[in-house]
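Reader: Hello! I'd like a close look at the salt bridges in this structure, with some context on the parts around them. Could you walk me through that in one go?

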Amino acid sequence: MTAYAVRHGGSRQLAGTGTLLRFALRRDRLMIPVWIAVNALMVLSMPGTLEGLYGTPAERAGLVRQMETNSSLRAMVGPVFGDSLGALTAWRVGIYAGALAAVLSLLVVVRHTRDEEESGRQELVASGTVGRRASLTAALLAAAVANAVLALLVTAGLAGQGGAGALALGLGIAGVGMVFATAAAIVAQLTESARLARGLTAAVLGTAFVLRAAGDSATDDGSSVLTWVSPLGWLENLRPYAGERWWVLALLAGAVVLQGAVAYALAGRRDLGMSFLPTRPGPASGRLGTASALAWRLQRGGLLGWSIGFLLAGVVYGGMTEGAADLVGDNDNARRIVERMGGQSGLTDAFLASMIGMLGLVAALWIVASVLRLHGEETSGRAEPVLANAVGRLRWAAGHLVIAFGGAALIMLLAGLGFAVGYGRQTGPVLAASLVQLPAVWVVGGVAVLLHGVLPRAAVAAWGVAGAVLLIGWVGPALDVPRAVLDVSPFGHLPKLPGGSMEWGPVAVLTGVAVVLVAGGLAGLRRRDMST
């Protein structure tokens, strides 16, 4: 009788999981494929790129020797364990592919757990024949489907370099994704806010990257304790194409099982909509007396985290400029790729321009996330009480947009300061190079505003736009794609600073396009019905 009750009690706990999973995959039918495509193309394009850069075994062996003595580059991409194209591919993009899989996983899990509860939709769903843990299970399964597809694409795409190594890299990337999916599941039980759940899980991911970077800068074989503390360090120590350590997969699987069990235990011990760390009520007057002050209160934590991250990234990349220039200085193919990304100036200036451009691409993710905070406030019903007072829609939206667009300027300014500190020279040109990225960043933000204002149901497609821009900027130069493809991205029209000449025409045009997009979005927001 007891066994029967346990079995059927467990089945009731998961009732409706299949329906919720199909619904989650339907809602994310744009976001998940775009993120998977960006990640998979980044990985699968690397063998051809590396073959063009280091076509002979002697050149690849020389690269390995240089990496062993370059602690700055090891901190950025990790140690290299072999000189085959497969091993170099795993070294060059493995960590970043794992980090992208982790970001996608945490976004999916938080969206279909804490976001649903915060908006009140989960309460409606729970009133039907839906088990207590069905929502959490469906969210984790959606993340598992995304990571499984990514692993399959990576394994199939790299099989020509060696089946065992391709399988190890694919499983390792998917394993890292699931580690952070289950971490997000735990955080979603602890916090009452989806925004805070995303922020805390992202902070865990950032900490994992920093720990791995610190450990790899100290040793050239991934043996540091700090490296082994980080799941990203487990991925590199899996060593695809370099004598695979299959037992490392047990660490990833064990972390997934343990964290998943904790998440399930916590989910069974709280009421719907509640959390173990309830949000502290804030003041209803004073600094929160205006819509702009409320927007600042809601977004200040995220802006602080991004600001610190961009400042530190600037310091790290600036500090490795000389070492990176030495690394590619004698390789004509590597020089051409860097110059395609950073302009036809001296190699050091081209490298600085390419690295600053990469941070500009990442800043596009910030502005999309910040703009779509409007969408989250509206669909959750929290905007309605604000707008019920003497607050117009444009004034409400303006508070968030000032933070989104002004925050983009702030993080790029801090990135420039970080580059100046790390590199130790060219402060003025480096700051100018950082700030010149803003018109392109603002265009991406303008697209998000337009989608939210005119087509609110398609607002999430702004992530697809940001992903496409990221893919073109990261992979396009390495693949030497036609100029017409690069020009699809607003970043393709920016002057290449430092080193290149300042061209005000494209900057003015992109700024004007951003203004038009924002104006169109606000006009649409003013005229349409508010969604709930």
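Author: Happy to. This is a predicted model, and the protein chain averages a pLDDT of 81, with 85% of the residues scoring at least 70. Confidence drops over residues 1-9, where the pLDDT is below 50. Beyond near neighbours in sequence, that stretch has 1 contact in the model.

Now to the salt bridges. A search of the whole structure finds 4 of them, and helix H19 (residues 347-379) is a good place to begin. Within H19, Arg373 pairs with Glu377, their closest N and O atoms being 3.2 Å apart. The two residues are 4 apart along this helix, about one turn. An α-helix has 3.6 residues a turn, so residues three or four places apart point the same way. Both Arg373 and Glu377 are buried.

Glu378 brings in another part of the chain: its side chain meets that of Arg528 in a salt bridge, at 2.7 Å from N to O. Glu378 lies in H19 while Arg528 sits in the segment after helix H26 (504-527), so this pair ties together parts that are 150 residues apart in sequence. Are the two partners buried or exposed? Glu378 has a relative accessibility of 2%, so it counts as buried. Arg528 is at 13%, and because buried means under 20%, Arg528 counts as buried too.

Helix H12 (residues 194-218) holds another pair, Asp216 and Arg212, which are 4 residues apart, about one turn of the helix. Their closest N and O atoms are 2.7 Å apart. Asp216 is buried, with a relative accessible area of 0%, and Arg212 is buried as well, at 0% relative accessibility.

For the nonpolar surroundings, look at the largest nonpolar core, which has 143 residues. Helix H7 (residues 85-111) gives the most to this core, with 18 residues. Ile173, Tyr317, Ile367, Trp396 and Phe491 are the residues with the most contacts inside the core. Tyr317 is a handy one to select in your viewer: leaving out residues up to four places away in sequence, Tyr317 touches Met76, Tyr96, Phe351, Met355, Leu359 and Phe419.

Helix H21 (residues 393-423) is worth a check on its geometry. At 1.5 Å a residue, its 31 residues should span 45 Å, and the end C-alpha atoms are 45 Å apart, which agrees. H21 also has a kink of about 25°, centred on Gly399. Just after H21 comes Gly424, with a positive phi of about 85°.

Two more residues round out the picture. Asn39 lies in helix H3 (residues 31-44) and is buried, with a relative accessible area of 2%. Apart from residues up to four places away in sequence, Asn39 touches Ala97, Leu100, Ala101 and Leu150. Leu141, in helix H10 (residues 134-158), is partly exposed, with a relative accessible area of 36%. Not counting residues up to four places away in sequence, Leu141 touches Thr17 and Leu21. Leu141 and Leu21 are 120 residues apart in sequence, and their C-alpha atoms are 7.0 Å apart in space.

Notes. Residues numbered from 1 in each chain as written. Predicted model: local features only at pLDDT ≥ 70, side-chain atom pairs only at ≥ 80, totals over all residues. Heavy atoms only, no water. Core = buried A, V, L, I, M, F, W, Y, C linked by side-chain atoms within 4.5 Å. Buried < 20%, exposed > 50% of the residue type's maximum accessible area, 1.4 Å probe, protein only. Contact = heavy atoms within 4.5 Å. Expected span 1.5 Å × (residues − 1). Bend = angle between axes of the 7 residues up to and from the residue. pLDDT = per-residue confidence, 0-100.
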